[in-house]
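This report describes the architecture of a single protein chain and then turns to selected residues within it. The sequence and the model are shown first.

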Amino acid sequence: MVDAVREAGRYTTIAEAERVTRIVLSALGGHVVGDERVALAQALPPEAARVVASQIPVTRPQTAAEFVDGVAARIEGATPATARWDVSSVLSVLPDLVGDDLIDRVLRELPPGYALLFGKAELVPPAAR
């Protein structure tokens, strides 16, 4: 997983990719709950699974922008733009790793706007007529 993140984010070292992966997964772990959290943890490599599973669920869902801002606050020197890169570098490798079906289930539990962070199109239902 870390190698995929390193490649996706074009990080120069494994240590940097590991750090970003840990930060992003810990942030995500608070937002994914219930069966989806269990399934995600089971599908991830053991260390990543522990990071996701050990997080306390958030009390209020965050928008995708708030999520990125929260990650930026955890990374020294990060800006919203670099944090978005970091978040997307980690989350975009998850569909290939854990499967699109699980990611689609996770996305249904998150507020609108997260799909792009996972490298997926944000599908909006048609307006009622």
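## Overall architecture

From the N terminus on, the elements of the protein chain run α-α-α-α-α-α-α-α. The chain thus holds eight helices and zero strands. The model is a predicted one, and every value given below was computed from it.

Along the principal axes, the C-alpha atoms of the protein chain fill a box of roughly 50 × 30 × 30 Å. The radius of gyration of the chain is 14 Å, which agrees with the value near 14 Å that a compact globule of 129 residues would have. The accessible surface comes to about 7300 Å², and carbon and sulfur atoms account for 55% of that area. Of the 129 residues in the chain, 41% are buried. When contacts between residues at least 6 apart in sequence are considered, 63% of them join residues at least 24 apart.

## The contact between α3 and α8

Helix α3 comprises residues 34-43 and helix α8 comprises residues 100-109; their axes come within 10 Å and cross at roughly 145 degrees. The crossing of these two helices is left-handed.

On the α3 side, the contact is formed by D35, E36, A39, L40 and A43, which meet L102, R105, V106 and E109 of α8. By residue class, the contact of α3 with α8 divides into five nonpolar, no polar and four charged residues.

## Buried positions

Which residues does V87 contact beyond its neighbours within four places in sequence? V87 lies in helix α6, which spans residues 80-91, and the residues in question are V24, F67, V68, V71 and L117. V87 has a relative accessible area of 0% and is therefore buried. The C-alpha atoms of V87 and T21 are 8.3 Å apart in space, although 66 residues separate the two in sequence.

H31 occupies the loop between α2 (14-29) and α3. Its relative accessibility is 9%, and because buried means under 20%, this loop residue H31 counts as buried. Apart from neighbours within four places in sequence, H31 is in contact with V58, R60, Q62, F67, L110 and Y114. F67 is thus found among the contacts of H31 and also among those of V87.

S26 belongs to helix α2. With a relative accessibility of 13%, S26 is also classed as buried. Residues up to four places away in sequence aside, S26 touches V51, Q55 and R74. S26 and V2 are 24 residues apart in sequence, and their C-alpha atoms are 15 Å apart in space.

## Exposed positions

Is R10 buried or exposed? R10 is found in the loop between α1 (2-9) and α2, and its relative accessibility of 69% is over the 50% cut-off, so R10 counts as exposed. The backbone of R10 also deserves a note: the residue has a positive phi of about 55 degrees although it is not a glycine.

E7 lies in helix α1. Its relative accessibility is 67%, and E7 therefore counts as exposed. Between the C-alpha atoms of E7 and D69 the distance is 23 Å, and the two residues are 62 apart in sequence.

Q42 is located in helix α3, the helix that crosses α8. A relative accessibility of 67% places Q42 in the exposed class. The C-alpha atoms of Q42 and A53 are separated by 9.5 Å, with their positions 11 residues apart along the chain counted as the sequence separation.

## Summary

The predicted chain is built from eight helices and zero strands, and its radius of gyration of 14 Å agrees with the compact-globule value. Helices α3 and α8 cross at roughly 145 degrees in a left-handed arrangement. Of the positions described, V87, H31 and S26 are buried, whereas R10, E7 and Q42 are exposed.

Terms used: Residues are numbered from 1 along each chain as its sequence is written. This is a predicted model: local features need pLDDT of at least 70, side-chain atom pairs count only at pLDDT 80 or more; totals for chains, interfaces and linings use all residues. Side-chain values use heavy atoms; hydrogens and water are left out. Axes are lines fitted to C-alpha atoms, for helices over the stretch in contact, and angles run from 0 to 180 degrees between N-to-C directions. Helices (H or I, at least four residues) and strands (E, at least two) are DSSP runs, numbered from the N terminus. A crossing is left-handed if the near helix is turned anticlockwise from the far one by less than a right angle, and right-handed if clockwise. Contact means heavy atoms within 4.5 Å. Ala, Val, Leu, Ile, Met, Phe, Trp, Tyr, Cys and Pro count as nonpolar, Asp, Glu, Lys and Arg as charged, and the others, Gly among them, as polar. The radius of gyration is taken over C-alpha atoms; the globule rule is 2.2 Å times the number of residues to the power 0.38. Buried means under 20% relative accessible area, exposed over 50%, partly exposed in between (1.4 Å probe, protein chains only). Accessible areas come from the Shrake-Rupley method with a 1.4 Å probe; for residues, only the protein chains shown count as cover.
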